[in-house]
Amino acid sequence: MTPIPQIPKPAHTLVDSMLSRHFGKETVNYFSSSPINRLSFLRSDHPFLSTALKHPSARFVLLNNLAPLTSTSAQLHFAKYEEVQRLVPQDTYDTSEEDMLKNYDSRKTQATLIFLGLDEGRKEGGLAFKIYQGTPFFALDVTPKGSEDQQAAAKDVISTAEAKGLSFFQTRVHMTFSADEAAIYAQARALMDWNTRNTFCGTCGHRTLAINAGTKRACPPTDAARIAEGSDAQRPECNTRTTLSNLSFPRTDPTIIVAVVSADGKRVLLGRSKRFPPNFYSTLAGFIEPAESVEDAVRREVWEESGVTLSRVVIHSSQPWPYPANLMIGALAQVSDPAHETISLQHDPELEDARWVEVEEVEEALRIGASNLGAEASSEYKGGLRLPPPTAIANQLIRAAISAEYFATEKQSKM
C-alpha cells in the first residue's frame, strides 16, 4: 500500500471503563484531535491575546487564498512574528472590542488574524498566562487584498517566504500533513474561509468586522467613513446587533457518511461519483437537512442515492472536513431484509454506479488499492477495486463494516 500520513491515536484507547467495554475503543479521524487547546473563553480577553501575540514563542499558519505556507508538501511552515510583522501590528489587541466597534472605519482594512489556541505540549519557552501555559498559535490571511498598504505588506510577506524556498501548497484537499499539523491546518482553514465569505453582513449588507479573535463577525453600529461622505456615522438598524444571530458566528454543515452492510453481513454497499477516477468506490454521503436526525438523514440519503432501505443505524465516529466547513458524521447501517437490498439509481442521479461488494474483495482493496482521489495507486495495484485512504473517514467506516467487532456472521459468532 502506498505510504500515507499518520492518523490521530484515540485519546482513551487503553482506558478501562463501562463505555469502552460496551462500545469498544474510540475511533478518531484525520483533521481531528488537535494538540491545541482552543481556550475559546479567552477570545474576547484582549490583554491575554495581546500577551500571546507579542510572546516570542508565538507561531503563525499563513494562508494565501486558503493555500497553506509549507516547507514541503508534507509539512506546514509555522512563521515567527518577525516574518509577519508588516501585516500584524503589535498593538492589534491593545484596543478593546468595544472601542474597535466604536471607532470602526470601513476605509481601514487589516489582514484577518485568528487565534487558534495554545499548544500545551510545547510549554518550554512558551507563554505562561494565569494557569495556562504553552505555545500560542494564530492563523493569518496573507492574500493580497484590502487597502494598498495591506496589499503591499502581504506581497512582501509572500515574496520573502518564497525567497526562503517556502511555498503555498496548492491542492484541492490537503491530506499529506502529520496528524497534529492536519488538525491545526483544518481549524485555520475553516475559520479563514468563513471570515473570507462573510465580509458583509448577511442581514443589512454592510461591511463586518472580525472580533472574538477572528471567530465572530460583528456589524458595527457606526462607520467613520460615512462622515467623510457627508452622512451621519450611524448605520441603519440591523437585528444582528440586537439578537443572538447565527450570521455572526462560523457555521458548520453536518453531513452524514455511512458504510452499509447487507442483511447477511457478507457484503458492503459502495458507490461511485462521476468525478471519481477509474475503479474508485466509496461510502455514501449527503447533507443533513433542517429538522432531520442523523439516523433519518442516513436512511434518506442511502435510499435516494441507491434505492436501498436500511434498518438499524449506529453512529460510529466523526471527522471535521474543512472544505469548507463540514462535520462528517460517520455511521454504520444494515439492511434487515434481503428484499430491501435491490439497488436503484432512478431517484437522485448523484451516483454513476452503486454495487454490493463481497467482504473478501473489500479486504483485498484495503490491502493494496486504497489511495487519495488524485493519487496513483500502489505498485501492487492491478486494476481492481480502489478505496479511500485511512485519512478519510470512509476508510475507517469500511474497515468497521467488515470487522467482526461490529458485524459478526453466524459462523463467526459460533467460533
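**Exercise 1. The largest pocket**

Task: In this predicted model, determine how many residues line the largest pocket and which of them lie nearest its centre.

Solution. Step one is the count: 42 residues form the lining of the largest pocket. Step two is the centre, to which Lys-108, Thr-109, Gln-110, Ala-111 and Leu-209 lie nearest. Step three assigns the lining to elements. Two or more residues each are contributed by helix H2 (46–54), helix H4 (97–102), H5, helix H6 (179–197) and strand S10 (209–211). Step four sorts the lining by class, which gives 14 nonpolar, 17 polar and 11 charged residues. The space in this pocket is about 1200 Å³.

**Exercise 2. The largest cavity**

Task: State how many cavities of 30 Å³ or more the whole structure has, and identify which residues line the largest cavity.

Solution. First, the search of the whole structure yields one cavity of 30 Å³ or more. Second, the volume: the largest cavity holds about 40 Å³ of space. Third, its lining consists of Leu-62, Leu-69, Glu-83, Val-157, Thr-160, Ala-161 and Lys-164. Fourth, helix H5 (residues 148–163) supplies the largest share of this lining, with three residues. Finally, the classes are four nonpolar, one polar and two charged.

**Exercise 3. Positive phi outside glycine**

Task: For Asn-279, give the value of phi, locate the residue in the chain, and decide whether it counts as buried, partly exposed or exposed. Repeat the analysis for Ala-291.

Solution. Begin with Asn-279: its phi is near 70 degrees, a positive value in a residue other than glycine. Asn-279 is found in the loop between strand S13 (267–273) and strand S14 (284–287). Its relative accessibility is 35%, so Asn-279 counts as partly exposed; that class lies between the limits of 20% and 50%.

Continue with Ala-291, also a residue other than glycine, where phi is positive and near 60 degrees. Ala-291 is placed in the loop between S14 and helix H8 (294–306). Because its relative accessibility is 90%, Ala-291 counts as exposed, the class that requires over 50%.

**Exercise 4. A proline peptide bond**

Task: Is the peptide bond from Tyr-323 to Pro-324 cis or trans, and in which loop does Pro-324 lie?

Solution. Start from the omega angle: for the bond from Tyr-323 to Pro-324, omega is near 0 degrees, and the bond is cis. Then place the proline: Pro-324 belongs to the loop between strand S15 (313–321) and strand S16 (326–334).

Technical notes:
Residues numbered from 1 in each chain as written. Predicted model: local features only at pLDDT ≥ 70, side-chain atom pairs only at ≥ 80, totals over all residues. Heavy atoms only, no water. 1 Å grid on protein atoms, 1.4 Å probe; cavity = no way out; pocket = protein on both sides within 12 Å on 5 of 7 lines; lining within 4 Å. Points joined across faces, edges and corners; volume = space filled by probe spheres on them. Helix = DSSP H or I, 4+ residues; strand = E, 2+ residues; numbered from the N terminus. Nonpolar A, V, L, I, M, F, W, Y, C, P; charged D, E, K, R; others polar. Buried < 20%, exposed > 50% of the residue type's maximum accessible area, 1.4 Å probe, protein only.
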